[in-house]
Every structure is written in C-alpha cells, then in structure tokens.
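Me: Please take a close look at one part of this model, namely the place where its domains meet, and describe how the elements around that place are arranged. A formal account suited to a first-year student would be welcome.

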Amino acid sequence: DFDSLDVVNSDRNHVWHHLSQHKAYETSDPMVIVKGEGMRVWDAKGNEYLDAVSGAVWTVNVGYGRTEIADAVRDQLVSMNYFAHSAGNVPAALFSKKLIEKMPGMSRVYFSNSGSEANEKAFKIVRQIAHKKYGGKKTKILYRERDYHGTTIATLSATGQLERRAQYGPFVPDFVEVPHCCEYRAQEEADKDNYGVWAADQIEKVILQEGPETVGALCLEPITAGGGVIEPPAGYWDRVQEICRKYDILLHIDEVVCGLGRTGKWFGYQHYGVQPDIVTMAKGVASGYAAISCTVTTEAVFEAFKEDENPRLGYFRDISTFGGCTAGPAAALVNMQIIEDEKLLENVTMQGEYLRGRLNQLKEKHPLVGDVRGKGLFAGFEMVKDRTSKEPVDEATASAVQAHCMASGVIIGRTNRSFETLNNTICLAPALIATQADIDQIVDAIDEALTEVASKL
Ligand code: PMP
C-alpha cells in the first residue's frame, strides 16, 4: 500500500534515473512502474502497458508476476540467504549443472551480479592467463564497433558505442576495436558478395597489425543488441572461429542479451555452430527476479588456473561478495525450468517468425522502414529518410514513433544511440511467453505510429 502521488514526488525529488536528461524531471512526471503481470505492466497512475521489451532492457524473459520464482527465492532466503562463494550452496550447484547441460563444450560457472561484472571477470581471466601462460604478452582484448559490454570503465573500454563512451575516458589500455559486421550498412570498401567472410577478415587484419602474440581474446555479442540488432552475416562465425584458433585467441561471447532463450535457442551462438571459450550472461538468467550473472568457461580455461610456479598467484584471485547470494541461482533454476516446461524456445521460434513476417509487411507499407533484422523474439528495424541513401531518420522522428506507441499503451525500445547518426533502430524483445495476439497488438501500434509520424514529416 502506498500513496501514488507521494511515490511520484519522492521519485522526482530523490531518484537519479538511468539515462535520463534533466529536462525530463522538470517537464514531466516520472514514470513509476508499480505492477507487472505476464506481458503487462502498470504505472502509478494506473495506465496499463504491453511491454514489448521485457523490462525496457530485454530482461524479464519469462514474464512478470511469476510466483513460482518468487516462492523459490523466498524459501531459499529463509533457509540460507548468504555465504561467500568460497563455499558452495545448493541452488548454485544445481543451477550450474542444469546450465552446463545446455552448453556442450562448457564446464565451469563463475557467479556475479551484472552483465558488466560477468564481462569484467572474463577480462580478468584472459589477462591472468596472459601473465601465467604467455609471460605477460597476449593481454590485448579485441571488441567490435557497435557492440556493448557494460557500464564499468573496463567494459566501456570494450564497448564500440560513442554515446556510451564519450566523456568517460581515458580508457583501460589494450582494448582494441575491430570493425562492425552490419550488412545493411556495409563499409564502402567491403566485398558485398561475400560480406560475412570479408567482415571477419577485418578482425584478422587488426590481429596482424597488433601482432597475434599480443592478442589474448576476442569479445563479441552473438547478435549485436544495443548497437542495432545486428545479426552476423552468413559465413561470419565460421571464419571468426577459424581466426581465433589460428592465432590462439580465446573467443569470449557476450550472451547477456541473447542468453536463456531470447533467440529461440538457449544461447545465441548455438545458431552458428561456434564453440566459445568463455560465455557471459546476465539479464534473462533470472528474468529480473534476482541479480545474477555468470561467466562460463571451458574446462581448458579453468585448468589454466590449476598450477603456477608461485602457488600464491596460481588461482583466480577474484571475489564478488554478492556473487555468493543464493537468491540468484534459486531464481535462475526455476527460470530455466519454466523455459523447459512451457516449451518457450519453441514459442520464441514460432512467434519470432510471425513477428518478423509482420515487420516485413510494415516495410512494404511504410517507406520509413529501411531494414528488418533479428532472430527469435529479438527484432529490430531501422528507420530511414530514404531507402536509397539509407539516411537515418532524425532523433525527433525516431522518438515520435516510440512516444506514439507509448501513448497507445505499448512500450517499444530503441537502439543505436550514437549522437548524430543511427539513433534510428526500433527494438522489440517481448517476453518469451508472447502470444500471436500480443505480437499483433505490438505491430498494430507501430503501424499506426508510423502512419501518424510519416503524415507529419
Ligand atoms: N553486455 C550486453 C550485450 C548488454 O546488452 C549489457 C546491458 N545492456 C551488458 C553486457 C551489461 O549488463 P549489466 O547492465 O547487467 O551490467
């Protein structure tokens, strides 16, 4: 029970919201979400919304109001809430076993609390291996233009998005950018007939420039998420794997967005037949019912920490206080069980195809829609002023489409916020439980928004 006016005022006066400009506090009431159920949320004013982005940032994979997860977390907290991860606990052991069963070739799970932190652990693993095995060489970590890996200084140093990075430098040394692989916006000099292999070859070029003996890892999103919902072009992943093996470079795949079913398989990389050395995940691991993230490695990576000339340096000397919380794995275990019991991977594949079909119809109808992309229930479309020039729509147009949907009760997302350009990709990532009727409501709202916004251009 609460007084909603008091909540809204307290929020306006005291909460510093993520990613919000100060004028928003002055010109409008903050949106305070007070309830969620299934695919829907309600704000403090009683407005109902269909959430097409699973908690705004692709997180609530199994939907809101899952009492079976809440109950499991409560039971776990009552029996044993916390002990540092130097000891084991029941849900962490059971969840790790279940997770590894879905990840052939992988072996060990290291727990922390956010996607950024999981990636930091991965970077520390790579750096320590560089020192243990390669005499301090191979400390460089390659990341890709347009990929996002987190909010801390090291993960920002590995992020290829200008708007996220600007004014936060200087960055951590030995993070090196490789070119993006967005076919729709293929680089001018690219081989358009063989784009996937060409784009992967650009990674090899960077490796050769830097010196392969200095490069320890390549960190990639399976499908670039916040950078524009960019599916890797055909041939890309095979070549990436080949390049990593050729130069003894660890492949770290960031599944923070795609992991746990978003694309119709347990993990995004599993669509492409690639075998990573390190996989990181967060968001959908417990669908937002608890904070949990995982850095999963192969047995070979784990083994690299087995011995050292100096036994005090031998092991992975990392610790995360709340990586030992039991609420995370307790929630994650039930989350996975729900995905299995409710056959959500199948649902994602089926509804994902339906969603993309409907978005392609929008493309036929609205010249504003330039390119439809994505996999499973992870979709995006770029809005352009003109299909030939592919000039992105301006900020006002892109935000008007979003605002129009919001006014009609559908929350949609937008990616690619890089200042002047590429603010133009609408992103959809509804919960994995979405029905055809939900998809219709989402796409109908976008259809109307595009009509309305185009009529005012
Ligand atoms: N990696 C990717 C691909 C992400 O999209 C995000 C979050 N948007 C992160 C890492 C960072 O996760 P977190 O916000 O939990 O730190």
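Reply: The C-alpha centres of domain 1 and domain 2 lie 26 Å apart. The structure is a predicted model, in which local features need pLDDT of at least 70 and side-chain atom pairs count only at pLDDT 80 or more, while totals for chains, interfaces and linings use all residues. Residues are numbered from 1 along each chain as its sequence is written.

The assignment divides the protein chain into domain 1, made of 31-62 + 343-455, and domain 2, made of 68-341; such bounds come from an automatic or database domain assignment. Where the two meet, 31 residues of domain 1 are in contact with 28 residues of domain 2 (contact: C-beta atoms, placed from the backbone, within 7 Å). On the side of domain 1 that touches domain 2, the elements giving two or more residues are α3 (54-58), α14, β11, β12 and β15. Such elements are DSSP runs numbered from the N terminus: helices are H or I with at least four residues, and strands are E with at least two. The helix α14 gives the most to this side, with 5 residues. By class, the residues of this side of domain 1 comprise 14 nonpolar, 12 polar and 5 charged. Here Ala, Val, Leu, Ile, Met, Phe, Trp, Tyr, Cys and Pro count as nonpolar, Asp, Glu, Lys and Arg as charged, and the others, Gly among them, as polar.

Several of these elements belong to one sheet. Its 4 strands follow the order β11-β12-β15-β14, and the sheet is open with antiparallel pairing (strands pair if DSSP finds at least two bridges between them). At its edges stand β11 (369-375) and β14 (413-415), each of which pairs on one side only. On average, and with direction ignored, neighbouring strands of this sheet are turned by 30 degrees against each other. Strand β12 (residues 378-383) pairs with β11 in the antiparallel sense over 6 bridges. One bridge can be followed at the residue level: Arg-373 has Gly-380 in β12 as its partner. Helix α14 (residues 344-365) packs on this sheet and touches β11, β12 and β15 (425-428), and the direction of α14 makes about 175 degrees with that of β11. Axes are lines fitted to C-alpha atoms, for helices over the stretch in contact, and angles run from 0 to 180 degrees between N-to-C directions.

The same helix also has a helical partner, α16 (residues 436-455): the axes of α14 and α16 come within 10 Å and cross at roughly 20 degrees. That angle makes α14 roughly parallel to α16; angles under 35 degrees count as roughly parallel, over 145 as roughly antiparallel, 65 to 115 as roughly perpendicular and the rest as oblique. The crossing of α14 and α16 is right-handed (the near helix is turned clockwise from the far one by less than a right angle; anticlockwise would be left-handed). From α14, the residues Gln-351, Tyr-354, Leu-355, Arg-358, Leu-359 and Leu-362 meet Gln-436, Ile-439, Val-443, Ile-446, Asp-447 and Leu-450 of α16. This contact of α14 with α16 has 8 nonpolar, 2 polar and 2 charged residues.

Domain 1 also includes residues 31-62, where a second sheet may be followed. Here 4 strands form an open sheet in the order β1-β2-β3-β13, with mixed pairing. The edge strands are β1 (33-37) and β13 (410-411), each pairing on one side only. Between β1 and β2 the pairing is antiparallel over 4 bridges, and the hairpin they form has 2 residues between the strands, with Gly-38 taking a positive phi near 60 degrees. Strands β2 (residues 40-43) and β3 (residues 48-51) pair in the antiparallel sense over 3 bridges. Trp-42 belongs to both pairings: Lys-35 stands opposite Trp-42 in β2, and the bridge partner of Trp-42 in β3 is Glu-48.

Domain 2 supplies a further helix pair for study. The axes of α4 (residues 67-79) and α13 (residues 327-341) come within 9 Å and cross at roughly 145 degrees, and this crossing is right-handed. Residues of α4 in this contact, including Ile-69, Ala-72 and Val-73, meet residues of α13, among them Ala-330, Ala-331 and Val-334. By class, the contact of α4 with α13 has 8 nonpolar, 2 polar and 1 charged residues.
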